Amino acid sequence: MKRHILVTSALPYINGPIHLGHLLEHIQTDIWVRFQKLRGHECLYVCADDTHGTGSMLRAEQAGVSPEDLIEAVRQEHVRDLTGFGIEYDNYHSTHSEENRALSELIFNRLHERGSIFTRDVAQLYDPERGLFLADRFVKGDCPRCGAADQYGDNCDACGATYDATELGRPRSLVSGAEPQVRQSEHYFFDLPQFSGLLKGWTRSGAVQPEVANKLAEWLDDGLKPWDISRDAPYFGFLIPGTTDKYFYVWMDAPVGYMASFKHLADSRSDLDFDAFWNADAGTELHHFIGKDIINFHTLFWPAVLEGAGFRKPTRVHTHGFLTVEGAKMSKSKGTLIKASTYLEHLNPECLRYYFATKLNGMVDDYDLNFEDFVQRVNTDLVGKVVNIASRCAGFITRNFDGELAPELADEALWSRFVEASESIAERYEAGQVSKAVREISALADLANQYIAEREPWKLVKQEGTQAEVQAVCSLGVNLFRILAIYLTPILPALSKAVSAFLNVGPLRWSDIDQPLLGKRINAYQALLTRMEKKQVDRLIEASKAQPEAASAEATNGEDEGQALIAIEDFAKVQLKVARIAEAEAVPEADKLLRLQLDLGDGRRQVMAGIKSAYDPASLVDRLVVVVANLAPRKMRFGTSEGMILAAGPGGKDIFLLSPDAGAQPGMDVK
């Protein structure tokens, strides 16, 4: 029976580029989706960028662009990098969309009407210098349990304790460095405890893996707490209906992004019905693929929100572990925090897809990328076993038989063994046990290579009266290779396409597994995949060491990780000098930027400054300012900025340039 399936991956946050950690999940999802499509099911894959929150607001401010311009530029980069690895989305959208706004408001209003939303005052840390409340990831201090220093505002890496940010000792804002104040603010809450009974049943229904269900049972037994779903202005996101300064917390509207992305797709296609996939009584399937760090959002909060708003719950949430490299967290200094774009400059993306496939087991285990193992598996298993079958047999068919395959199979029993493996391999794919499917495929490749080695067509072709046998042996080899290529199609879509061209057939289909190619002319063989060299991997690692600072390897959905801390030695390197503003003009294409020409006494420099909202350019000419003089030039969308002027204030019209002492001259040092 044909299934109708909607699939999602966790939404990449716009705090940085796509890296190998993102790719693990999206490749895993793409393999599962391609398998379903290969089996003849309707399987739609949607995703989006997660865009809201303080992090995106601050990043746009620092870049001198509007948040909307920033998120669209990042979305295009993300799509480019993800699709570069053969990941095929039916739609890749953004959580900052009208579809998401409308659905978030609809869900909130329905929850409010049924009594699942309430308000209460909350004590929060407030940055008095920036004029904003601080998310947990934007504050650090001493752990209130063990006293460990430099811990984020929600949990301690040293002892594992969880706590409220207001409990931190010696807290400091990662936005400004100021000591936060504790302030009260009214917030909106989703009454999650109302759904405890529902969640206890749903989490044991097969909707999550057993190990995930066991972890959720601990939280459910301890008692659920209401979830804070609001944030105070200033904040980049959607206003909560009926308010003027309260916004949906990013984790409220981010999962709604799954629905919004599908809505955007359905609105563009007459054959898709949004309600058929999201109504409470929908007969379709909904599958989420996520990392284990966000299971509470996707398996407690999200299904409860959907239930309360009258929508369907997920059919299954597929959870995976983290990716480590060489047995450790990804590290920029070691060159193991590898961006997708950097990888694509050095290695074949199909190789990474295959290597990840050899690891995926359908469980919540962490997966490790070992470079030596990576090279060996690709060269030995993929090139040396699978592709080797085609390269060994095709030449004989092309040279000796004008590319025509034999009219019948040389070994029906061996052929049948390959065909009969289809159901077992399909079960592995369905369960997410891709590594077991790969092992079965590899074992079949061994049988094919053994058959060819025993028949020795390279010897037979030199003998009289054995030409028909050569054609039969090599034709069977080509047909066995075709079956293996079909089995590997979800993992290696580019290879599958190349195999189709080589065999002179249409796209490979699962339904064709038991239909051999007999008496058919194939095309001349061309290399389908080449061996990896260790030096290629070494160059990739070196390039990754040299790349600009990337986002945290552990970041998934949610707010930005915050700014990195620097040592006092690094701070001492900053050179502050007096500069005179010689020229000032607005940048028409930018919301916040002014283009300044600064005189530092030894020549002029161009600096882009995000102060358009506070200053008329004409009023700045001849004014003295303080500038970071040894900042590396930065290429921006509107030109190169060769420094940074110093200012303070909460933003908007309240931006105050720091002025040097009276009598200062351009070029003087500021102490």
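1. Two strands count as paired if DSSP finds at least two bridges between them. With that in mind, here are some notes on this predicted model, starting with one pair of leucines: Leu 6 stands opposite Leu 286 in β13. The strands involved, β1 and β13, run parallel and are joined by five bridges.

2. It helps to step back to the sheet that holds this pair. The sheet is open and has five strands, in the order β3-β2-β1-β13-β14, with parallel pairing. At its edges are β3 (91-94) and β14 (316-320), each of which pairs on one side only. From one strand to the next, the twist averages 20°.

3. On the other side of β1 you will find β2, as the strand order shows. Strand β1 covers residues 4-9 and strand β2 residues 42-49, and five bridges link the two in the parallel sense. A good place to look is Val 7, which stands opposite Tyr 45 in β2.

4. Strand β13 deserves a moment on screen. This strand spans residues 285-291, and seven of its seven residues are buried. In a regular strand, side chains alternate between the two faces of the sheet. In β13, Glu 285, His 287, Phe 289 and Gly 291 point one way, while Leu 286, His 288 and Ile 290 point the other way; all of them are buried. So both sets of β13 residues fall under the 20% relative accessible area that marks a buried residue.

5. Following the sheet onwards from β13 brings you to β14. These two strands run parallel and share five bridges. Here His 288 stands opposite Val 317 in β14, and His 288 belongs to the set that points the same way as Leu 286 and Ile 290.

6. Now for a helix. Asp 81 lies in α3, which runs over residues 67-83. Is Asp 81 buried or exposed? Asp 81 has a relative accessible area of 4%, so this residue counts as buried. Leaving out residues up to four places away in sequence, Asp 81 touches Ile 18, Ala 340, Ser 341 and Leu 344.

7. Ala 579 makes a nice companion case in a strand, namely β17 (residues 576-586). The relative accessible area of Ala 579 is 0%, so this alanine is buried. Which residues are in contact with Ala 579, leaving aside neighbours within four places in sequence? They are Leu 598, Asp 599, Leu 600, Arg 623, Leu 624, Val 625 and Val 627. You could also locate Ala 664: this residue is 85 residues from Ala 579 in sequence, and their C-alpha atoms are 9.2 Å apart in space.

8. Finally, some overall figures to keep beside the picture. The protein has 22 helices and 25 strands, and its C-alpha atoms fill a box of roughly 105 × 65 × 50 Å along the principal axes. Of its 671 residues, 55% count as buried. Among contacts between residues at least 6 apart in sequence, 74% join residues at least 24 apart. The protein exposes about 28,400 Å², and carbon and sulfur atoms supply 47% of that area. As for charge, there are 72 positive and 94 negative charges, and the mean positions of the two groups are 3 Å apart.

Key
Residues numbered from 1 in each chain as written. Predicted model: local features only at pLDDT ≥ 70, side-chain atom pairs only at ≥ 80, totals over all residues. Heavy atoms only, no water. Helix = DSSP H or I, 4+ residues; strand = E, 2+ residues; numbered from the N terminus. Axes fitted to C-alpha atoms, helices over the stretch in contact; angles between N-to-C directions. Buried < 20%, exposed > 50% of the residue type's maximum accessible area, 1.4 Å probe, protein only. Contact = heavy atoms within 4.5 Å. Areas by Shrake-Rupley, 256 points an atom, 1.4 Å probe, with all protein chains shown as cover. Lys, Arg positive; Asp, Glu negative; His and termini not counted. Charge placed at Lys NZ, Arg CZ, Asp CG, Glu CD.
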